[in-house]
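Let us read a protein model together, one feature at a time, in the form of a conversation between a learner and a teacher.

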Amino acid sequence: MTTIQTLTLTRPDDFHLHLRDGAALRDALPWTARQFARAIVMPNLKPPVVRLQQALEYRGRILAALPDGSEFTPLMTLYLTDDTTPAMVEEARRSGVVHAFKLYPAGATTNSDSGVTELKRIYPALEAMQRVRMPLLIHGEVTDPEIDVFDREVVFIERHLIALRRAFPELKIVLEHITTAQAAQFVGEAHERDAHGVPRLAATITAHHLLHNRNAMFKGGMRPHYYCLPVLKRETHRQALLDAATSGDDRFFLGTDSAPHARHAKEAACGCAGCFTAANALELYCAAFEQRDALHRLDDFASRFGAAFYGLPRNSGDVTLKRTPWNVPEHLPYADTDIVPLHAGEAMEWQVQIDA
Ligand code: DOR
Ligand code: ZN
């Protein structure tokens, strides 16, 4: 068997990304812009991006922070609250700038305090989203403190997602950053498609959930850089995610959920959730796909299925990765301090080739 040395992909998109704002945006954005053509930008800023005007202003700040000559396009999202109205959904759709609304159950994760307290409260907004074909992106975890943190995704599906899909059968939904075999199975069994053949239910999968199980958080001590939400799960779940991502099923596509937090905010008594993967995203996905000898499936997962789901044209141009051993830096500059990328200090096999 000959080992592949070079892999060329259509320029990919990141369908779930945290770019932050201000100095953090300045330092996080160039990493994504060098690997990806477009990204779905999460709205969980402080304060959250709730209104169209806020999204337009945030988009302006992202474009202004881009390196000279970059052609990166941010795809904006709005943050659902109990007060999101059908008129706000319609206005967002007409703008052409907002590509989805994000549902954070209140308290589920970073900056989710203004999230939705009860799904019934946003039914009018969801009805409007279904009508104008605006996708709903879901952080699928219950916030009930009685529920074990490792079970929160599965319980969300049982308690909320099944009913939500029944109530809004034509709503386009992305279950974001899935972490369990049950989530992969739930999405895999949803066969409904719209008139264009686009799946009604899809899921993004991160590189860290493909590469690591929950042991990574505790190897030889507490490892805060492996702590994210939804939290890493058992190996059986990781295997199910690898199956889904490498299956060639168009309901599963790339979303890094790269979620930068400064090193001091992670290495703390109450460390923030999030893995910073933007600096080596494609390399990490290559490592994951190679575990299944499925590098030939990466182009569809990274560059085709997500764009088709969102009704976006496929990107022109490409990006090449080479099998070139290199070491991930121990830390990178971030918001006037530093940040620890996933796999810091470790060797990687693949490297994106960027023209100087
Ligand atoms: O680990 C995470 N970090 N999960 C999320 O849902 C939010 C994200 C963040 O914004 O830091
Ligand atoms: Zn996220």
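The turns below go from the metal site to the sheet, the helices and some unusual backbone points.

Q: Before we start, what kind of model is this?
A: This is a predicted model, and what follows should be read with that in mind.

Q: Which protein atoms are the donors of the zinc ion (ligand 2)?
A: To read a metal site, one looks for the N, O and S atoms within 2.8 Å of the metal. Here the protein donors of the zinc ion (ligand 2) are NE2 of His16, NE2 of His18 and OD of Asp257, which lie 2.1 Å from the ion. Along the chain, these donors follow the spacing H-x1-H-x238-D.

Q: Are His16 and His18 buried or exposed?
A: A residue is called buried when its relative accessible area is under 20%. His16 counts as buried because its relative accessibility is 0%, and His18, with a relative accessible area of 7%, is buried too.

Q: In which order do the strands of the open sheet come?
A: Reading a sheet means following which strand pairs with which, and here eight strands form an open sheet in the order S2-S3-S4-S5-S6-S7-S8-S9, with parallel pairing. S2 and strand S9 (252-254) stand at the edges with a single partner strand each, so one side of each has no neighbour in the sheet. From one strand to the next, the twist averages 30°.

Q: How do strand S7 and strand S8 pair, and which residue of S8 stands opposite Val174?
A: Strand S7 (residues 173-175) and strand S8 (residues 201-205) pair in the parallel sense over three bridges, and the residue in S8 that stands opposite Val174 is Ala202.

Q: Which strands does helix H6 touch where it packs on the sheet?
A: Helix H6 (residues 181-188) touches S7, S8 and S9, and its direction makes about 145° with that of S8.

Q: Where does helix H1 bend?
A: A bend is read by comparing the direction of the helix before and after a residue. Helix H1 (residues 22-35) bends by about 30° at Leu29, and a proline, Pro30, follows within four residues.

Q: Which residues of H1 are buried, and what covers them?
A: The buried residues of H1 include Ala24, Leu25, Ala28 and Leu29. Among the elements that cover the buried residues of H1 are strand S2 (13-17), strand S3 (38-41), helix H2 (52-65) and helix H10 (281-290).

Q: Where are the cis peptide bonds that join Lys46 to Pro47 and Leu229 to Pro230?
A: The angle to read for a peptide bond is omega, and for the cis bond that joins Lys46 and Pro47 omega is about -5°; Pro47 lies in the loop between S3 and H2. A cis peptide bond also joins Leu229 and Pro230, with omega of about -5°, and Pro230 lies in the loop between helix H7 (207-211) and helix H8 (235-245).

Q: What is the phi of Arg133, and is this residue buried or exposed?
A: Arg133 is not a glycine, although it has a positive phi of about 60°. Arg133 is found in the loop between helix H4 (123-132) and strand S6 (136-138), and with a relative accessible area of 57% it is exposed.

Q: What is the phi of His343, and is that residue buried or exposed?
A: The phi of His343 is near 70°, a positive value in a residue other than glycine. His343 lies in the loop between strand S12 (337-339) and S13, and it is buried, with a relative accessible area of 11%.

How values were computed
Residues are numbered from 1 along each chain as its sequence is written. Chains are lettered from A and ligands numbered from 1 in the order in which they are written. This is a predicted model: local features need pLDDT of at least 70, side-chain atom pairs count only at pLDDT 80 or more; totals for chains, interfaces and linings use all residues. Side-chain values use heavy atoms; hydrogens and water are left out. Donors are N, O and S atoms within 2.8 Å of the metal (3.2 Å for Na, K and Ca); water is not among the atoms, so sites may look incomplete. Buried means under 20% relative accessible area, exposed over 50%, partly exposed in between (1.4 Å probe, protein chains only). The bend at a residue is the angle between axes fitted to the seven residues ending there and the seven starting there. Helices (H or I, at least four residues) and strands (E, at least two) are DSSP runs, numbered from the N terminus. Contact means heavy atoms within 4.5 Å. Two strands pair if DSSP finds at least two bridges between them. Axes are lines fitted to C-alpha atoms, for helices over the stretch in contact, and angles run from 0 to 180 degrees between N-to-C directions.
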